[in-house]
Every structure is written in C-alpha cells, then in structure tokens.
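Let's take a friendly walk through a protein model together. Have a look at the sequence and the structure, and then we will go from single residues to the whole chain.

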Amino acid sequence: MSVSGIQGQLLEVTVVGCTKLKDTEWVSRQDPYVCVEYGSNNCRTRTCTDGGKNPSFQEKFMFTLIEGLREISVGVWNSNTLSFDDFIGNGKIQLHKVLSQGFDDTTWPLQTKTGRYAGEVKLIMHYANANKAATGYAPSAPPCVYPDPGVSQYYLPPPAQGTPRAQPPTTYPAPYPYPSCLPAPYPYPSYSPSSAFPQSAYPPPQPAPYPPAPYPACSACPPPPYPPPPQASPYYPPGN
C-alpha cells in the first residue's frame, strides 16, 4: 500500500522510555509519565515512581491513522500529589519513515515551553501496511540472461513469406595489393683478379712428367746372409 492511502490503517506505538530529562524536583526524585496524542486520541503511560531523569515505561498503544496527519505529539510530565503536575517537555514525532518503511525506533528530542533542551523520548513504531517496494534498492546492472544452449547464436530465422532472399555475390573484389616490405638488394662491389691479391715473387711450379721414371734395377750380387758368419778372433787361438 502506498503512503498516501493510510486512512483507517493501524499504527502501533511503543513508549520505551526517556533519557536526560529536566529535573523539576529539588529534594526528592521526580515521577515522570508520558502523554501521546494523535488527532483526537490521547493516551497516557503509567507513572514511573522515582524514575528521575531516565524513566522506563515499555507501554504499547494503537492509533487509527488519519489521511494527511503525519505527526504525533508527545509530552512528559512530573506527577505531584499535593499540587499540579509539573511540565517537563514536549516534542513532535514525524511518521514519514514508519509509513514508508514500516518501522522506526528513533529517539526524539524534547524541549521546554521556552524552547530549551529538556531531554529525549524513545519510541518504537510499527506499520504493517508500509510500501515495502520503496525500501528496496535498484539493481546496479541489468540481470544476466544466459542464451539457450539448444539455439545457435549464428542461426538466422528464415525470411517472411514474400520477402526476396539475398543472393550471394557472383564476383569478388580484387585483392588489395600489399606493399613489399623487403628492401632492394644491396649492390655488391666487383673486384678485378689483379687487384684482389698481390703478385707472387716466386716462379710458378712446373708440372711433373707423367708417367714417373722407373725405379733403378736391383744389384746382380745376392745380399750377404744374415747374421754374418763369425770371424776368427786374434786374441784366441783357433780350435780352442
């Protein structure tokens, strides 16, 4: 339900307690209580006897929402027995957060009649018909959609009835002439045979005759036997 359609809906308000209240007693501890007002509905908590500056209540109230009324008034008083109750402070509770998000546990400031700080009151509010869609966060990127594995990504559907099919080209353009990246061959210098090497001071070698000369003939005498026969020694007589 949107925030604009709150007429007749229920709002739950829990008065948790107060903190740092202005002290209106000089001798004893003060006895605070809280009054909650919305439209013509007025609710009052029990008196927290000797609650002092930090009373606790934990009391729950239900209010019927009114279209166009987006705030609650709270007032804190000190209960007296023999005299009128002492006013401590009051404040305005805004309902925009609880109507849009469904929950609010903010601590609200109180002030005196002259506008001075008089403490704080803590309320917990619940609204069951809040617009939950307003509290969501928009996605930072579109959702990821995976293709169907059974359908080819390169398949084109057939054309509709009566649509001429595109014919494949019969001729293709000539290939683009690629520029040559190889440089022209470097011209090598030519050298003359006479200037390449200096002339030798020695005459050129003469060619050997062919066929070569035959080996000399062997001697007619037979070679002496080996080993040579023993010779007679002059120092020993023969036959000894």
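A residue counts as buried when its relative accessible area is under 20%, as exposed when that area is over 50%, and as partly exposed in between. Keep in mind that this is a predicted model.

**A buried acid and its partner**

With that cut-off in hand, is D104 buried or exposed? D104 has a relative accessibility of 1%, so D104 counts as buried. Its side chain meets the side chain of K97 in a salt bridge, with 3.9 Å from N to O. K97, in contrast, is partly exposed, with a relative accessible area of 35%.

**The layout of the chain**

Now step back to the protein chain, which has 2 helices and 9 strands. Read from the N terminus, the order is β-β-β-β-β-β-α-β-β-β-α. The chain has 240 residues, and 23% of them count as buried. About 19600 Å² of the chain is exposed, with carbon and sulfur atoms supplying 61% of that area.

How do parts of the sequence come together? Take the contacts in the protein chain with a separation of 6 or more: 60% of these are between residues 24 or more positions apart.

**The nonpolar core**

How many residues does the largest nonpolar core have? The number is 30, and the residues with the most contacts inside this core are L11, L65, I72, V74, L95, M125 and Y127. Many elements take part: β1 (10-19), β2 (32-38), β4 (56-64), β5 (71-78), β6 (86-94), α1 (96-101), β8 (107-111) and β9 (117-126) each give at least two residues to this core.

I72 is a good residue to click on. Leaving out residues up to four places away in sequence, I72 touches L11, V13, V36, E37, Y38, G91, K92, I93, L95 and M125.

**Salt bridges**

We have already met one salt bridge, and the count for the model comes to 4. Three of these pairs, including the one between K97 and D104, are set out here.

| Salt bridge | N to O distance |
|---|---|
| E59 and R46 | 3.7 Å |
| E67 and R70 | 3.8 Å |
| K97 and D104 | 3.9 Å |

Which parts of the chain does the pair of E59 and R46 tie together? E59 lies in strand β4 and R46 lies in the loop between β3 (41-44) and β4, so the salt bridge joins parts that are 13 residues apart in sequence. E59 has 19% relative accessibility and counts as buried, while R46, at 43%, counts as partly exposed.

In the pair of E67 and R70, E67 is partly exposed at 35% relative accessibility. R70 is also partly exposed, at 26%.

**Rings that meet**

A search of the whole structure turns up 2 aromatic pairs. One of them is formed by Y38 and F63, which sit edge-to-face with 6.2 Å from centre to centre and 65° between the planes. Y38 belongs to strand β2 and F63 to strand β4, and the pair links these distant parts of the chain, 25 residues apart. Both Y38 and F63 are buried.

W77 and F87 form an aromatic pair as well, again edge-to-face, with 5.2 Å between centres and 70° between the planes. Here the link runs from W77 in strand β5 to F87 in strand β6, with their positions 10 residues apart in sequence. At 28% relative accessibility W77 counts as partly exposed, whereas F87 is buried at 18%.

A ring can also have a charged neighbour: R44 lies over the face of Y33, at 3.7 Å from the ring centre.

**Two backbone angles to look for**

Most residues other than glycine have a negative phi. With that in mind, look at D50, whose phi is near 55°, a positive value in a residue other than glycine. D50 lies in the loop between β3 and β4, and at 43% relative accessibility D50 counts as partly exposed.

Where is Q58 placed? Q58 is in strand β4, and the phi of Q58 is near 55°, again a positive value in a residue other than glycine. With a relative accessible area of 52%, Q58 is exposed.

Definitions and conventions: Residues numbered from 1 in each chain as written. Predicted model: local features only at pLDDT ≥ 70, side-chain atom pairs only at ≥ 80, totals over all residues. Heavy atoms only, no water. Helix = DSSP H or I, 4+ residues; strand = E, 2+ residues; numbered from the N terminus. Buried < 20%, exposed > 50% of the residue type's maximum accessible area, 1.4 Å probe, protein only. Contact = heavy atoms within 4.5 Å. Areas by Shrake-Rupley, 256 points an atom, 1.4 Å probe, with all protein chains shown as cover. Core = buried A, V, L, I, M, F, W, Y, C linked by side-chain atoms within 4.5 Å. Phe/Tyr/Trp six-rings, centres within 6.5 Å; stacked < 30°, edge-to-face > 60°. Lys NZ or Arg CZ within 6 Å of the ring centre and 35° of its normal.
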